[in-house]
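Here's a quick tour of one structure, written for someone who likes to check things against the coordinates. Have a look at the model first, then read on.

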Amino acid sequence: MRLTLKDDPAMVELELLGNLVADYDEEHYPVGTPTLIEVIKLRMYEMGLSQAGLAKLLGVSPSRICDYLSGKSEPTLKIGRKISQKLNISPAIVLGV
């Protein structure tokens, strides 16, 4: 008689322990949905863009980028579309849905 992985007691124990760890992690260290600001900063880092470089890419002033990144103002729909397209950020994140 040949045992399968599902019949192996060690594998059953490993799966149960893995599920316990995953449940604990989700309860005590949840990872939320990133904000638009966090995603923009990550993309800027990945693309090697400064605030001035991002401003040029999006066709807005550097001070406007500063306002977006500090949370003082939100991008317009037109700029949001450019952010989504030029930085390859999901429209759902840009729209906050």
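What follows is a walk through helix packing, salt bridges, a surface patch and a few single residues.

A word on ground rules: this is a predicted model, so local features need pLDDT of at least 70 and side-chain atom pairs count only at pLDDT 80 or more, while totals for chains, interfaces and linings use all residues. Residues are numbered from 1 along each chain as its sequence is written, and side-chain values use heavy atoms, with hydrogens and water left out.

**Helix 2 against helix 5**

Let's begin with a pair of helices. Two packed helices are described by the angle between their axes and the distance between the axes. Here the pair is helix 2 (residues 36-47) and helix 5, whose axes come within 11 Å and cross at roughly 40°. That makes helix 2 oblique to helix 5. For the vocabulary: under 35 degrees counts as roughly parallel, over 145 as roughly antiparallel, 65 to 115 as roughly perpendicular, and the rest as oblique. The axes are lines fitted to C-alpha atoms, for helices over the stretch in contact, and angles run from 0 to 180 degrees between N-to-C directions. Helix 2 passes helix 5 in a left-handed crossing, meaning the near helix is turned anticlockwise from the far one by less than a right angle. The helices themselves are DSSP runs (H or I, at least four residues), numbered from the N terminus.

**Salt bridges**

How many salt bridges does the structure hold? There are 2, taking a salt bridge as a side-chain nitrogen of Lys or Arg within 4 Å of a carboxyl oxygen of Asp or Glu.

| Pair | N to O distance | Citation |
|---|---|---|
| Arg43 and Glu46 | 3.2 Å | salt bridge |
| Asp67 and Arg64 | 3.8 Å | salt bridge |

Arg43 and Glu46 both sit in helix 2, 3 residues apart, or about one turn of the helix. Arg43 is partly exposed at 21% relative accessible area, and Glu46 is partly exposed too, at 48%. The cut-offs behind those words are under 20% for buried, over 50% for exposed and partly exposed in between (1.4 Å probe, protein chains only).

The other pair belongs to helix 4 (residues 62-70), where Asp67 and Arg64 are also 3 residues apart, about one turn of the helix. Asp67 is partly exposed with a relative accessible area of 22%, and Arg64 gets that label at 36%.

Back in helix 2 you'll also find Lys41, partly exposed at 46% relative accessibility. Its C-alpha atom is separated by 27 Å from that of Glu27, 14 residues apart along the chain.

**Leu77 and its patch**

Now for helix 5 (residues 77-87), which is where Leu77 is found. Is Leu77 buried or exposed? Leu77 is exposed, with a relative accessible area of 58%. Leu77, Leu95 and Val97 make up a nonpolar patch on the surface, together showing about 370 Å² of accessible area. Patch members need over 30% relative accessible area and no salt bridge, with nonpolar side chains joined within 5 Å; the areas come from the Shrake-Rupley method with a 1.4 Å probe. The C-alpha atoms of Leu77 and Val94 are 9.1 Å apart, with their positions 17 residues apart along the chain.

**Asn88**

One backbone oddity to finish: Asn88 isn't a glycine, yet has a positive phi of about 55°. Asn88 lies in the loop between helix 5 and helix 6 (91-95), and is exposed, with a relative accessible area of 59%.

Conventions: Patches are made of residues with over 30% relative accessible area and no salt bridge: like charges are joined within 9 Å, nonpolar side chains (Val, Leu, Ile, Met, Phe, Trp, Tyr) within 5 Å. Helices (H or I, at least four residues) and strands (E, at least two) are DSSP runs, numbered from the N terminus.
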